[in-house]
Amino acid sequence: MKRTGLIAKKIGVYPLWLKNGKKVNSTLLQVVDNEIVKYIPPEKFFPVKSKKPAIQIKNRRGCLVVGAENIDPQLITKEYYNIFNDTGVTPKRVLRRFIVSPEAALQPGTPLFATHFKPGEIVDIRGKTIDRGFQGVMKRWGFKGMPASHGVTKTHRRPGNIGSGGEKSRVMPGTKMPGHMGNRWRIIRGVRILRINTKYNVIWILGHNIPGEINTYCYIYDTLLPLRQPTTAPNFPTYLPSITEESLPEELYADNVHSFADPTIEFKEES
């Protein structure tokens with residue numbers, strides 16, 4: 001079973017403390033106005049264009065189009081507005097696709113919250129790295145550079161020899177050279193959710209290396225790593241407040257994360 005993910009905005013880095021007293025950095029991701037825009041069944045998402053009989057493929061996947069951040073309909077084109085007008089969803093600034101199982105399909109207009117995930121779950125995050133522009137080999141690839149003295153002239157940050165010499169006598173494909181750095185899609189896998197705020201739909205992710213600049217959007221979905229799958233059942237197909245009778249508290253923490261409402265952590269010296 002594969003369920004949908006969320007579109008989250010990176011809003012900053014924040015420290016948290018574990019119950020053993022260790023300080024960790026975490027990245028704050030806010031889920032802004034996430035709604036299901038459209039569901040594409042497997043027959044239309046992977047159409048069979050061949051004249052031969054269709055091959056029976058087990059566990060064929062469909063697609064959910066998710067939108068984030070409401071936008072004024074007067075600011076968009078008529079063609080873009082028709083995407084949302086057909087399903088009755090408020091026009092969104094950002095659209096993303098998630099591959100899902102047909103059993104996890106959701107109706108258009110279904111809202112998605114940060115409680116789609118639970119604290120302690122392992123997720124994968126896909127985002128675009130920070131655009132650094134045209135950079136040299138020292139910044140782009142971590143080259144050491146040339147010596148700063150002893151007769152070195154105007155080659156302090158240069159790459160050095162790039163030809164292989166010998167019988168090849170050419171620059172090999174894939175040689176690390178100056179060029180455009182950043183602004184590429186990257187996936188960080190196997191990161192852990194430490195804390196969730198249900199009022200503002202904010203998720204605290206362990207680590208400060210989530211790809212992207214502040215106020216940029218990223219995908220967040222269940223991890224694909226086989227050895228880090230959840231041990232407890234997730235909210236399938238998503239968290240629906242109407243079904244759950246009891247309301248959730250404003251702050252949800254993972255088991256080993258220290259809550260700021262709890263007493264201060266103290267360690268006594270052993271005599």
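This briefing walks through the strands, pairings, salt bridges and a surface patch of one protein model. The model is predicted, so every value below is computed from it. Among its features are an open sheet of 4 strands, a strand 10 that pairs with strand 7, and 6 salt bridges.

**The open sheet**

- Strands of a sheet pair through backbone hydrogen bonds, either parallel or antiparallel.
- Here, 4 strands make an open sheet, and reading across it gives the order 5-4-3-6. The pairing in this sheet is antiparallel.
- Strand 5 (92–100) and strand 6 (111–112) are the edge strands, each pairing on one side only.
- Helix 2, covering residues 78–85, packs on the sheet and touches strand 3 and strand 5. The direction of helix 2 makes about 50° with that of strand 5.
- Within the sheet, strand 3 (residues 34–40) and strand 4 (residues 62–70) are antiparallel partners, with 5 bridges between them.
- To find a spot where strand 3 meets strand 4, look for glutamate 35, which stands opposite glycine 67 in strand 4.

**Strand 10 and its partners**

- Strand 10 (residues 185–197) runs antiparallel to strand 7 (residues 122–128), and 6 bridges join the two. Isoleucine 125 faces isoleucine 188 of strand 10 across this pairing.
- Strand 10 also runs antiparallel to strand 11 (residues 202–206), joined by 4 bridges. Arginine 195 has tryptophan 204 in strand 11 as its bridge partner.
- Strand 10 and strand 11 form a hairpin, with 4 residues between them. In the turn, asparagine 201 has a positive phi of about 55°.
- Strand 13 (residues 251–253) is another antiparallel partner of strand 10, with 3 bridges between them. Here isoleucine 196 stands opposite leucine 252 in strand 13.

**A closer look at asparagine 197**

- Asparagine 197 belongs to strand 10.
- Is asparagine 197 buried or exposed? Its relative accessible area is 5%, and buried means under 20%, so asparagine 197 counts as buried.
- Which residues does asparagine 197 contact, leaving aside its neighbours within four places in sequence? They are Val202, Trp204, Glu250 and Glu251.
- Lysine 268 lies 71 residues along the chain from asparagine 197, and their C-alpha atoms are separated by 32 Å.

**Salt bridges**

- Side chains of opposite charge can pair when their charged atoms come close.
- The structure holds 6 salt bridges, and three of them are described here.
- Arginine 3 and glutamate 121 meet through their side chains in a salt bridge, at 3.7 Å from N to O. This pair links distant parts of the chain, 118 residues apart: arginine 3 is in the segment before strand 1, and glutamate 121 is in the loop between strand 6 and strand 7.
- Both ends of that pair are covered: arginine 3 is buried at a relative accessible area of 6%, and glutamate 121 is buried at 8%.
- Arginine 189 and aspartate 124 form another salt bridge, at 2.8 Å from N to O. Arginine 189 sits in strand 10 and aspartate 124 in strand 7, linking distant parts of the chain that are 65 residues apart.
- Arginine 189 is partly exposed, with a relative accessible area of 36%, whereas aspartate 124 is buried, with 0%.
- Arginine 195 pairs with glutamate 251 in a salt bridge, with the closest N and O atoms 2.8 Å apart. Because arginine 195 lies in strand 10 and glutamate 251 in strand 13, this salt bridge ties together parts that are 56 residues apart in sequence.
- Arginine 195 counts as buried at 8% relative accessibility, while glutamate 251 is partly exposed, with a relative accessible area of 25%.
- Salt bridges with shared partners bring Arg3, Glu121 and Asp222 together in one network.

**A nonpolar patch on the surface**

- Which residues form a nonpolar patch on the surface? They are Tyr14, Trp17 and Phe260, and together they have about 290 Å² of accessible area.
- Of these, tryptophan 17 lies in strand 1, which covers residues 6–17.
- Tryptophan 17 has a relative accessible area of 32%, so it is described as partly exposed.

Definitions and conventions: Residues are numbered from 1 along each chain as its sequence is written. This is a predicted model: local features need pLDDT of at least 70, side-chain atom pairs count only at pLDDT 80 or more; totals for chains, interfaces and linings use all residues. Side-chain values use heavy atoms; hydrogens and water are left out. Patches are made of residues with over 30% relative accessible area and no salt bridge: like charges are joined within 9 Å, nonpolar side chains (Val, Leu, Ile, Met, Phe, Trp, Tyr) within 5 Å. Accessible areas come from the Shrake-Rupley method with a 1.4 Å probe; for residues, only the protein chains shown count as cover. A salt bridge is a side-chain nitrogen of Lys or Arg within 4 Å of a carboxyl oxygen of Asp or Glu. Buried means under 20% relative accessible area, exposed over 50%, partly exposed in between (1.4 Å probe, protein chains only). Two strands pair if DSSP finds at least two bridges between them. Contact means heavy atoms within 4.5 Å. Axes are lines fitted to C-alpha atoms, for helices over the stretch in contact, and angles run from 0 to 180 degrees between N-to-C directions.
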